[in-house]
Amino acid sequence: MHDSPMKKRIKKAKTVDSLMTKIFYIFGSFFLFFLLILAAYIIGKGVIDFYPELLTFTSKGIGNQFFNTIYLVFLSLVISVPLGVAAGIYMAEYSKDGKFLTFLRICIESLSSLPSIVVGLFGYLVFILMTGAKWNLMAGALAVSILSLPLITTTTEDAIRSLPKGFKEGSMALGASQWRTISKVLLPACLPRIATGIILAAGRGFGEAAALLYTAGQSTIINWSNWDITSPTCPLNPFRPGETLSLHIWGMRTEGSLNPNASAIANFSAAVLVIMVLAFSLLARVITRRISKKSGGLI
Amino acid sequence: MTDIHAKEQTNIKFTVESLNLFYGDFQALNDINLTIEKNEITALIGPSGCGKSTFLKTLNRMNDLEPNVTINGNIYLDSVDVNKDMDAIELRKRVSMVFQQPNPFPKSVYDNVAYGPRINGIRKKTQLDEIVERSLKQAAIWDEVKDRLHKSALGLSGGQQQRLCIARTLALEPEVILMDEPTSALDPISTMKIEDLASELKKNYTIVIVTHNMQQASRISDKTAFFLLGNLVEFDTTITLFSQPSDKRTEEYITGRFG
Amino acid sequence: MSTHKTGTLPSAKQSAFQKFKNEYFWRYLIITCGLFIILLTLGIGFFLVVKGSGTFTEFHHSVWEFLFSSDWSPMDSTTESGGGVGAAIYIFGSISTCTLALLFVAPFSITSAILMTEIAPNSGTKIFQPAIEIFVGIPSVVYGWIGLTVLVPFIKHLFHPKMGGYSVLAASIVLAVMIFPTITTVAADAIRSVSSDYRKAAYGMGSTRWQVIYKVIIPAATPGILTGVILGLARAFGEALAVAMVIGKTRAFPANILSPTNNLTAAIASDMGNSATGGEQNMALWTMALLLFIISIFFIFLIHIISGKEKKKHA
């Protein structure tokens, strides 16, 4: 042995380092691969179990549930986007730093960490029990709005705050009022970022189930030739019960399901949901990349 | 100074009397008295942190946007008190501002210039076209942008962006243009263009310019005010101030002994 | 008037109505929306407290009984009362599945976060980050469904438990997969925000990468990693349907991790719809919802304490 203790120590450190690097690669990528395989499995299973009637608007298909999902998320965005964007503007532009703003932030944080089943119960209590209504899409949309409100609010606030100060100063120095400055300069400048937040919120809305269990209900009866919006079977009536895709999967779990095609329906629904979520996330990423390219990192 | 006051009453645009400004407890401006005349360029010079930019911003109340600012004293624009008897928005339409960093909006060149007229309720396209063209020509940038009016203003060079910002200001037909170190972010050629432009514009406008560059002040301004530590040390015609400063501190500053 | 005035612009003065229309109306509308969020949050809290406290005020059960008794036999009627409302089994179900899930996933999450930031930052930003962000969005019901159709039979096949594959283990694994993206993203952000000066200094003194990670990065990023763990835990506690599908919904303490049991969210999800409004069982379920609300507020509080301590250290 002609290695000095110093050299020995370095050698040992290097061995440990390369060993740990291997361990990191194995452990670190394990879950990622697992998730990739899972996604591939879900989509593959949906494809294998596919039969043409799945696309129909009958009890054998998921057409109605698919429509309900889209319609419910649309309704929820109609509510949460104006509210969330306005609240974000308030936080970025109108509020003053202080206890009140801190409290508002804590409220938003609390909202965003509420279990969706708790939000669902709140919706059940306020939109169903207290109004005396039956399960309906609007109640579900309101519950989903509560869940997406924090995301839209914080995205809007961050987007406005990250704009260069010069935009606001430039507009104010031209004699624009604060609201003109916000509506004509600041909001257009950060619209793509807000849009990204809204798309992500929509993506989450598609998968929401627990909040809808006692609000939107677990049944759906639609008569596609009935366009009287006040009728409970009209597709566009927001005050009819409307089971969404994710609730449909819940309903198809073996215990309670009487549908002979239950597992095929659930598999296909799961695949559709995952594809929708993937598509929306990708869309959001594409928009984000576009913005950073276009503005050269300015915004 | 009372002299000037009496003699050229009608030519005075701004009269500032005993102006004090505080950021919280810190006094940033200390008893400023000054008059700014029509169709002249008034330069504000001094080392950084001396209060010159802060003073400039009081002239169109841009300080309102910052929290914890207290102002006392009077600023009169055409003998109307801007802090008491005038709406900040109305004031800023008459006294507009160009900033240190060019700050075009992320809109097209055309929409940038048309912004001011539009918020003032001008909707007719022919009228807007006319204002945009006139303003861009006045700002000496028309030839460079006339073929790309509907492309993003963010694609212009820094110097072009700054002239666009001046055009955007001109479209408002203000009475006074405030410039806060408008060339400090620009290259020498762009700087020259802006200086020429300022000299041209004073025929129709009153200009107040903050600059850290004494050569610039001596080249383009008619009057110069020297600020130090929140005080107005000396205010005189540019020729007098640079050739025969009456205060020792002014002399030390303009000969480059500090700052 | 100077000569340049062409008079094209209307007077700078606005009428009171214009001013209202252009400024005040919008200002008040926007402030109202900000206030609305506060009211909404307080409203949710208020309703949960009102409904959830009924068990103690109206039906005179003790908090102790609710938290620590396992006698769950509430009356499902608006007129009768006197049953047991001990939710200990559900509470234990929630705690055990979440803890187990955390034990499963934490090592993977933290190694993933280090891998994507320190060891392979390129593929980290190009592959890991986008992939993980996408997995955050996979609906929990889908995880539950896969758990039900793949994991539960697999456990049954592997271990042959008496009660089938529905088990604490199945629920923990499903939760672990669900919270992996949450913990990993937050932990990776925390690691990325460790000042690169620390890294340079450590490498400059001849440390190997593992030494830098172990001795410098991890200690510096610990508060951020903890925040990620708590956020993950909060998500696991609140998850309802995915767990409900695999936990077996058996009202008994689990004998081991292969036994079925039940938890707070699953019990609420399955029983709330079948209970008579205002009855003892209904009230007890609301109390469970209130407990979930309190737990989620507690987690936020915890995160604030951690980040507050961190700020103090650096101040």
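Two strands pair if DSSP finds at least two bridges between them, and strands themselves are DSSP runs of E with at least two residues, while helices are H or I runs of at least four, both numbered from the N terminus. This is a predicted model, in which local features need pLDDT of at least 70 and side-chain atom pairs count only at pLDDT 80 or more, whereas totals for chains, interfaces and linings use all residues. Residues are numbered from 1 along each chain as its sequence is written, chains are lettered from A and ligands numbered from 1 in the order in which they are written, and side-chain values use heavy atoms, with hydrogens and water left out.

**First stop: a sheet in chain B**

Select chain B and look for an open sheet of four strands, with antiparallel pairing and the order 2-1-4-5. Its edges are strand 2 (26-37) and strand 5 (80-81), each of which pairs on one side only. Now pick strand 4 (residues 69-77) of chain B: two bridges join it to strand 5 of chain B in the antiparallel sense. To see the partners, show B:Tyr76, which stands opposite B:Asp81 in strand 5.

**Second stop: strand 3 of chain B**

Next, select residues 41-45 of chain B, which form strand 3; five of its five residues are buried (under 20% relative accessible area, with exposed meaning over 50% and partly exposed in between; 1.4 Å probe, protein chains only). On one side you will find B:Ile41, B:Ala43 and B:Ile45, and on the other B:Thr42 and B:Leu44.

Add strand 8 (residues 206-210) of chain B, which pairs with strand 3 in the parallel sense over four bridges; here B:Ala43 stands opposite B:Ile209. Then add strand 9 (residues 223-228) of chain B, also parallel to strand 3 over four bridges, where B:Leu44 faces B:Ala225.

**Third stop: where chain C meets chain A**

Show chains C and A together. The contact (heavy atoms within 4.5 Å) takes 78 residues from chain C and 79 residues from chain A. About 7,100 Å² is buried between these chains, with carbon and sulfur atoms giving 81%; buried area is the accessible area (1.4 Å probe) that two parts lose on being put together, summed over both. In chain C, select C:Ile30, C:Trp145 and C:Trp210: these lose the most area to chain A, together 10% of what that side buries.

**Last stop: a residue in chain C**

Finish at C:Phe20, in helix 1 (residues 16-52) of chain C. Is this residue buried or partly exposed? C:Phe20 counts as partly exposed because its relative accessibility is 42%.
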